[in-house]
Amino acid sequence: LVEVTPFLSKEDRPLYVQLYEHIKSEIKEGVIPLGSKLPSIRALSKHLNISNNTISLAYELLREEEYIESKPRSGMYVRKQIEEISLCLDEEISLENLEVAEEEDKKYKYDFHYGSVDSTLFPFKVFNRIANDIYYQNRYELFKYGDPQGEQGFRRELHKYLFTSRGVKCHPEQIVVTSGTQQSLTLLAQLINVEKKGAGFEEPGYNGARIIFENLKAPIIPIKLKEDGVCLRNLYRKNPAFIYVTPSHQFPNGYIMPMDKRFKLIQWACENNSWIIEDDYDSEFKYHGNPLKSIQGMDYNEKVIYLGTFSKSFLPSLRISYMVLPYPLLRRYRESFALYEQTVPRIHQWIIEEFMKTGDWNRHITKMRNIYRKKHIAIMTAIREHFDTAILKVLGKDSGLHLLIKFNGKDEDELINLASQVGVKVYPTSQYWKNKKVDNKGTVLLGFGGLSEKQIKEGIKLLAEVWK
Ligand SMILES: Cc1ncc(COP(=O)(O)O)c(C=O)c1O
């Protein structure tokens with residue numbers, strides 16, 4: 001019989017995990033020899049002064065991983081042969097790559113990353129409380145698959161929110177919950193026949209959306225942009241199967257599409273039997289005036305597919321997005337995807353549902369809007385203070401979590417390299433063009449959601465010093 005005397009800390013991880021890890025490492029190091037008998041559950045419990053249950057859980061883990069085996073009426077034995085699982089990774093290569101990536105990140109003191117959101121005010125307490133309550137109350141439901149289109153209660157709350165905040169007119173049954181805008185588009189791409197007429201995209205536009213259709217070999221039709229959104233003349237001439245637009249905050253240029261253009265777009269879709277895909281990704285954050293109603297809410301002809309996400313307003317890592325399908329597409333969706341299971345965990349949908357029901361969601365959005373408004377003022381003030389506005393133009397300055405700086409006299413690479421020399425990371429915009437144009441020269445993107453006001457001010461000051 002071997003001796004098992006681990007050091008167990010009360011404050012650390014669960015005791016059974018500590019015990020399991022201790023025995024496992026003793027077996028691997030040969031301290032506990034192969035084939036030897038382990039103490040019985042009762043004996044070890046007495047020896048270590050911990051419960052039978054703890055010992056039995058630790059033994060169970062070891063047995064599941066085949067370190068030990070149970071012999072009937074005899075006890076637990078260390079297996080005679082333990083085959084280590086060998087990783088197929090070439091360790092040296094993967095380690096080298098990791099090191100490079102870490103170094104890259106460390107170099108930047110101020111990272112104007114576009115996808116970052118403010119984490120300091122995330123309602124962890126409420127989130128935890130809701131999650132704990134749900135785990136406790138719905139323990140058995142958690143073992144089951146959920147509704148393939150998304151949890152019904154969640155979709156009901158979402159429907160109320162979309163109606164009141166964005167004027168979206170729909171029934172909860174038209175909402176499909178997805179794990180990201182790209183998943184929404186991947187499904188949509190299969191519902192819309194784009195082969196003949198092609199897929200229309202804003203030029204420049206969100207490359208994360210365009211790539212979905214490029215990968216499916218759909219003909220991509222870039223539609224030029226004007227200061228108020230897509231150029232209608234260009235659209236009428238090219239007449240794609242659909243147009244993907246970001247009207248509340250054009251990505252990346254930041255234009256807000258006016259009402260009359262929204263109506264004209266709907267008219268075009270009706271006359272040509274085309275679709276409008278409206279991506280309303282960061283509509284919550286408009287800093288001047290009231291947000292304009294969604295195009296979906298203005299359409300009575302079922303021509304608009306509305307896309308939304310929780311990535312900007314809540315947490316990008318949660319991966320919760322959704323689409324609102326007009327009935328003709330909903331019917332097609334149900335025919336084609338009836339067997340597709342929901343990909344967003346039920347628990348996360350329940351948490352957000354509860355969050356919305358209690359009013360915490362609206363409070364969170366209001367709080368975040370105020371925070372981002374202050375950051376937006378900080379970045380605009382710093383730009384005005386440190387730059388000569390004659391050589392620089394700021395695009396998209398009324399809403400969202402990013403803006404573009406168009407700089408006269410330096411190109412994109414030069415601006416990025418100079419910024420990186422002073423520890424500031426700014427981002428290129430050329431990849432947002434399907435066909436690279438000269439007029440994007442010298443334009444870089446700055447996301448400000450993840451930086452504090454102080455960091456924003458210091459970062460802009462440094463940029464002004466090197467971009468002189
Ligand atoms: C235009 C646009 N749409 C949608 C998203 C969000 O995508 P997701 O819902 O996959 O997080 C982003 C994020 O960067 C975006 O820029």
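Reader: What makes the 13 residues count as surrounding the ligand, and which of them are closest?
Author: A residue is near a molecule or strand if one of its heavy atoms lies within 4 Å of it; 13 residues surround the ligand, the closest being Tyr114, Thr181, Asp279, Thr309 and Ser311. This is a predicted model, in which local features need pLDDT of at least 70 and side-chain atom pairs count only at pLDDT 80 or more, while totals for chains, interfaces and linings use all residues. Residues are numbered from 1 along each chain as its sequence is written, and side-chain values use heavy atoms, with hydrogens and water left out.

Reader: How do you know that Ser311 makes a polar contact with an oxygen atom of the ligand?
Author: A polar contact is a pair of N or O atoms within 3.5 Å (within protein, one must be able to donate a hydrogen and the other to accept it, and residues adjacent in sequence count only if both atoms are side-chain atoms). An N or O atom in the side chain of Ser311 is 2.5 Å from an oxygen atom of the ligand, and therefore the pair meets that limit. For the side chain of Tyr114 the distance from an oxygen atom of the ligand to an N or O atom is 2.7 Å, and for that of Thr181 it is 2.7 Å. Taken alone the ligand exposes 390 Å², of which the protein buries 91%, with accessible areas from the Shrake-Rupley method with a 1.4 Å probe.

Reader: Why are strands S5 and S8 called paired?
Author: Two strands pair if DSSP finds at least two bridges between them, strands being DSSP runs (E, at least two residues) and helices DSSP runs (H or I, at least four residues), numbered from the N terminus. Three bridges join S5 (residues 199-203) to S8 (residues 242-245), so this parallel pair satisfies the criterion. Gly200 stands opposite Ile243 in S8.

Reader: What makes S4 and S7 edge strands?
Author: The open sheet of eight strands has the order S4-S11-S10-S9-S8-S5-S6-S7, with mixed pairing. Strand S4 (175-178) and strand S7 (229-230) each have a single partner strand, so one side of each is left without a neighbour in the sheet.

Reader: How do you know that helix H14 packs on the sheet with S12, S13 and S16?
Author: That open sheet has four strands in the order S12-S13-S16-S15, with antiparallel pairing. Helix H14 (residues 360-386) touches S12, S13 and S16, where contact means heavy atoms within 4.5 Å. The direction of H14 makes about 15° with that of S13; axes are lines fitted to C-alpha atoms, for helices over the stretch in contact, and angles run from 0 to 180 degrees between N-to-C directions.
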